[in-house]
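Visitor: I am new to this structure and would like to be shown around. Where should we begin?

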Amino acid sequence: MTKLIVIKIGGQAISQLNATFFDQIAQWYRQHYQILIVHGGGPMINRLTTQLALPVHKVNGLRVTDAATLALTKLALLGDAQPALLAQLTQHQLPVLGLNAADNQLLTGELIDYQQLGYVGRLTGINHSQLMQLLAHHIGVLAPLALTKTGQWLNVNADMAATVLAQQLHAEKLVLLTDVPGIMHHGNVMTSLSPQQAQRLIRTAVITAGMQPKVQAAIAAIQTGVRQAVITNAIDQPGTAIIQEVAV
Ligand SMILES: Nc1ncnc2c1ncn2[C@@H]1O[C@H](COP(=O)(O)OP(=O)(O)O)[C@@H](O)[C@H]1O
Ligand SMILES: CC(=O)N[C@@H](CCC(=O)OP(=O)(O)O)C(=O)O
């Protein structure tokens, strides 16, 4: 059976990719791994909304997205973040394909809580066969947006999107590439983190902001069959491995 690796690249990380990253992707591709990249774009969205004097408001790391913010989110993800990433991968001779929810119903979603978050969604369905067909010959680069059954665009946290894709496509590994070397506690990178530890560190505000949905997404991944989930800033560094609860 073909093995799949899902890599989520945060918006900040898109501008920090180095030769090691591209070498590793090329190596996995040569080894016949299928590779799906889900990209973020938080800083690009912030830049656009700030330029247009819209407030940036987040709840538990999720952007509150009204209609105007949604329009800018689509612009930033599909007009800035995705082409910036595609251009770098193409320059490294990697066979990439930029994708979004509207390509043949790739990603379907539903609102999480319109009152609290506006047009923010979670993934409820993926076009499995289409995606696997595309990944047979390309490295897919997918934006974190979804469409509802009635055609409403939704803003989806990219870590959450990557997790659902990793679960549903039975990925072997989920890499969440970000701008920090892993989960930091007392100034050190934690080499591993269990769901119980994570809940405690969220409660005590050690894990805050965008790291919250990231950790929750990684936990959901390993609890639903993804064998390995790591949070790191470099593809060749172990970062923080999310592990199942340790029995005591
Ligand atoms: N305990 C923690 N360890 C590391 N980073 C943390 C922690 N708590 C909060 N963060 C913040 O989470 C950020 C990563 O989340 P986010 O900005 O959403 O990244 P990305 O764009 O890659 O998804 C870090 O830059 C850091 O500011
Ligand atoms: C609902 C929600 O918060 N969506 C994210 C989507 C982009 C993203 O996740 O980008 P990063 O990976 O760079 O943080 C947002 O609007 O910022």
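Guide: A crossing of two helices is called left-handed if the near helix is turned anticlockwise from the far one by less than a right angle, and right-handed if clockwise. Keep in mind that this is a predicted model.

Visitor: In which hand does H3 pass H4?
Guide: H3 covers residues 42-51, and H4 covers residues 67-91. By the rule on clockwise and anticlockwise turns, the crossing of H3 past H4 is right-handed.

Visitor: How are H3 and H4 set to each other?
Guide: The two helices pack with their axes 9 Å apart, at an angle of about 130°. Angles over 145 degrees count as roughly antiparallel and 65 to 115 as roughly perpendicular. The angle of H3 and H4 falls in neither class, so the two helices are oblique.

Visitor: Which residues of H3 make the contact with H4?
Guide: On the H4 side are Thr69, Leu72, Thr73, Leu75, Ala76, Leu77, Asp80 and Ala81. By class, the contact has eight nonpolar, three polar and two charged residues. The H3 side is made by Met44, Ile45, Arg47, Leu48 and Thr49.

Visitor: How is H8 oriented to H9?
Guide: H8 (residues 195-203) and H9 (residues 211-223) have axes 11 Å apart and pack at an angle of about 165°. Because angles over 145 degrees count as roughly antiparallel, that is what H8 is to H9: roughly antiparallel.

Visitor: How many charged residues are in the contact of H8 with H9?
Guide: H8 brings Pro195, Ala198, Gln199 and Ile202. H9 brings Gln212, Val215, Gln216, Ile219 and Gln223. These divide into five nonpolar and four polar residues, and the number of charged ones is no more than none.

Visitor: Which element gives the largest share of the lining of the largest pocket?
Guide: This pocket has a volume of about 710 Å³ and is lined by 36 residues. Elements that each supply at least two of them are H1, H3, E4, H7 and H9. The largest share is four residues, and it comes from H3.

Visitor: How many residues of the lining of the second largest pocket are nonpolar?
Guide: About 220 Å³ of space lies in this pocket. Its lining has 16 residues, with Leu62, Arg122, Met160, Pro213 and Gln216 nearest the centre. H5, E7, H7 and H9 each supply at least two lining residues. Four of the lining residues are polar and one is charged, while the nonpolar ones number 11.

Technical notes:
Residues are numbered from 1 along each chain as its sequence is written. Chains are lettered from A and ligands numbered from 1 in the order in which they are written. This is a predicted model: local features need pLDDT of at least 70, side-chain atom pairs count only at pLDDT 80 or more; totals for chains, interfaces and linings use all residues. Side-chain values use heavy atoms; hydrogens and water are left out. Axes are lines fitted to C-alpha atoms, for helices over the stretch in contact, and angles run from 0 to 180 degrees between N-to-C directions. Angles under 35 degrees count as roughly parallel, over 145 as roughly antiparallel, 65 to 115 as roughly perpendicular and the rest as oblique. Contact means heavy atoms within 4.5 Å. Ala, Val, Leu, Ile, Met, Phe, Trp, Tyr, Cys and Pro count as nonpolar, Asp, Glu, Lys and Arg as charged, and the others, Gly among them, as polar. On a 1 Å grid over the protein atoms alone, a cavity is a set of points where a 1.4 Å probe fits but cannot get out, and a pocket is an open set with protein on both sides within 12 Å along at least five of seven lines; lining residues have an atom within 4 Å of a point. Grid points are joined across faces, edges and corners, and a volume is the space filled by probe spheres set on the points.
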